[in-house]
Amino acid sequence: MHHLYLHVPFCARRCSYCDFAIAVRRRVPAEAYVESIKEELRLVGQGIGPLETIYFGGGTPSLLPPEAIADLLVTLSPYASSPTPSFPTPSGSVEVTLEANPDDVTPASAAAWRRAGVNRVSLGAQSFDEAVLRWMHRTHDAASISGAVQSLREAGIDNISLDLIFALPEELQRDWSRDLEMALALLPSHLSLYGLTVEPRTPLARWVSRGATAPAPDDRYADEYLLAHERLAAAGYHFYEVSNAARPGFESRHNAAYWTGRPYLGLGPSAHSFDGGTRRWNLSAWEAYHRAVSEGRSPIESEELLSAEQRDLEALYLGLRTSAGINTARPVLARPGPSFTACLDNGWLIEDGSRLRCSPEGWLRLDSLVAALTGGAPAL
Ligand code: SF4
């Protein structure tokens, strides 16, 4: 097991669109969290390592005090593929990513993260428009994004990713083109772009259900997605996955492990693990998770054993998410129906020797393409 995910569930408040398993806390119970992770590691940690990637995701991992992150990385250092005592180089053998909110990044926190071994930071920028950030219930303002990037660079963390959300409701009059330019001006090594979706039981879902707002129409979703492809390609970025673009050499090694079906271990509430055949996931509520590990019980809530057919379908879907695509010899492609030919004719799928991959237009209709490829699709 070479890839480790740590879920840090705490957030200062809930963003309007977010349905993640989080715990909103004014004060983060950092000590209890660190002890829980160490205890879970004792329970399930046999057989892990040498670690190639460590990913602190959330939630808002940057709400943890830097000492807590350092404590966890010291604990993990015996499992790392590079020598202890830390994870020293940005291009070194262990990629250590921390998700951060821009307003948690200060010169002091950035320097402490770097000392602890963090060498990649994923910033939840989302937009450079103040009204949009307020609507999203984000805790940061636009100015703090560039301030965060500067602090990280000064601390020696140059591998910086920015998250942006597109396809926002019409009434916000968000200028997507301007946001892309503002993000590119900061010269991040990586960008993750997500279309807004209305998830049940979120503030956004409530606003939609009472008619206060409406999701962006499909054609604007497509226009904004394709505009991002155009702008980012012109700036030297390569979309290596449906939602992720990077400068050459800065692709996320951790996320690539998920997309290529490699095993990974997840620690923390709601974290998922995969051993190549079985997927397991932890109790999602922080209190329930904390209680279980404190009592020496497994925090696993449930698991599913994937059949060979499920694994094949999953590999097909995950492969098509990436720019590498899939091998056309995959057994699941044995019976592609007439919709498959239509996908090729429309340029949504590109056949390249023994590989089959999606064009940007194909990525916009990925679910339909997977259905078409497995022979059971309705006409597209
Ligand atoms: S910071 Fe991230 S995890 Fe926390 S509420 Fe906002 S979107 Fe959700």
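Reader: What makes the charged end of Arg279 count as sitting over the ring of Phe274?

Author: The charged end of Arg279 is 5.5 Å from the centre of the Phe274 ring. A charge sits over a ring if NZ of Lys or CZ of Arg is within 6 Å of the ring centre and within 35 degrees of the ring normal. The distance of 5.5 Å therefore satisfies the 6 Å limit. Arg247 likewise has its charged end over a ring, that of Phe250, at 5.5 Å from the centre.

Reader: On what basis are such features reported?

Author: The model is predicted, and local features need pLDDT of at least 70, side-chain atom pairs count only at pLDDT 80 or more, while totals for chains, interfaces and linings use all residues. Residues are numbered from 1 along each chain as its sequence is written, and side-chain values use heavy atoms, with hydrogens and water left out.

Reader: How many aromatic pairs does the structure hold, and why is that of Phe10 and Tyr33 called edge-to-face?

Author: There are 13 aromatic pairs. Phe10 and Tyr33 have ring centres 5.9 Å apart and planes at 80°. Rings of Phe, Tyr and Trp (its six-membered ring) pair if their centres lie within 6.5 Å; planes under 30 degrees apart count as stacked, over 60 as edge-to-face and the rest as tilted. An angle of 80° is over 60, so the pair is edge-to-face. The two residues are 23 apart in the chain, with Phe10 in strand β2 and Tyr33 in helix α1 (helices, H or I, at least four residues, and strands, E, at least two, are DSSP runs numbered from the N terminus).

Reader: How do you know whether Phe10 and Tyr33 are buried or exposed?

Author: Buried means under 20% relative accessible area, exposed over 50%, and partly exposed in between (1.4 Å probe, protein chains only). Phe10 is at 1% and Tyr33 at 0%, so both count as buried.

Reader: Why is the pair of Trp286 and Tyr289 called tilted?

Author: The ring centres of Trp286 and Tyr289 are 6.2 Å apart and their planes stand at 35°. That angle is neither under 30 nor over 60, so the pair is tilted. Both residues lie in helix α10, three residues apart, or about one turn of the helix. Trp286, at 6%, is buried, and so is Tyr289, at 0%.

Reader: Which residues of α10 are buried, and what puts them on the same side of α10?

Author: The buried residues of α10 (residues 286-294) are Trp286, Tyr289, Ala292 and Val293. They cover an arc of only 135° around the axis, taken from the directions from the helix axis to the C-beta atoms, and therefore lie on the same side of α10. Their cover includes β2 (10-11), β3 (23-24), α1 (30-44) and β13 (278-282). Just after α10, Gly296 has a positive phi of about 75°.

Reader: Which residues touch the most other members of the largest nonpolar core?

Author: A nonpolar core is a set of buried Ala, Val, Leu, Ile, Met, Phe, Trp, Tyr and Cys residues joined through side-chain atoms within 4.5 Å. The largest has 81 residues, of which Tyr33, Phe56, Trp113, Leu123 and Leu162 touch the most other members. A second, separate core of twelve residues includes Cys18, Leu168, Leu172 and Leu204.

Reader: What makes Gln126 count as buried, and which residues is it in contact with?

Author: Gln126, in strand β6 (residues 120-126), has a relative accessible area of 6%, so it is buried. Leaving aside neighbours within four places in sequence, Gln126 is in contact (heavy atoms within 4.5 Å) with residues including Tyr17, Met136, Arg138 and Arg174.

Reader: How many disulfides are there by this rule?

Author: The count is zero, a disulfide being a pair of cysteine sulfur atoms within 2.5 Å. Cys15, at 14%, and Cys18, at 11%, are both buried.

Reader: Why is Leu187 called exposed and Ser270 buried?

Author: Leu187 has a relative accessible area of 54%, which is over 50%, so it is exposed. Ser270, at 16%, is under 20% and therefore buried. Phi of Leu187 is near 55° and that of Ser270 near 70°, positive values in residues other than glycine. Leu187 lies in the loop between α6 (176-185) and β8 (190-195), whereas Ser270 lies between β11 (265-267) and β12 (272-274).
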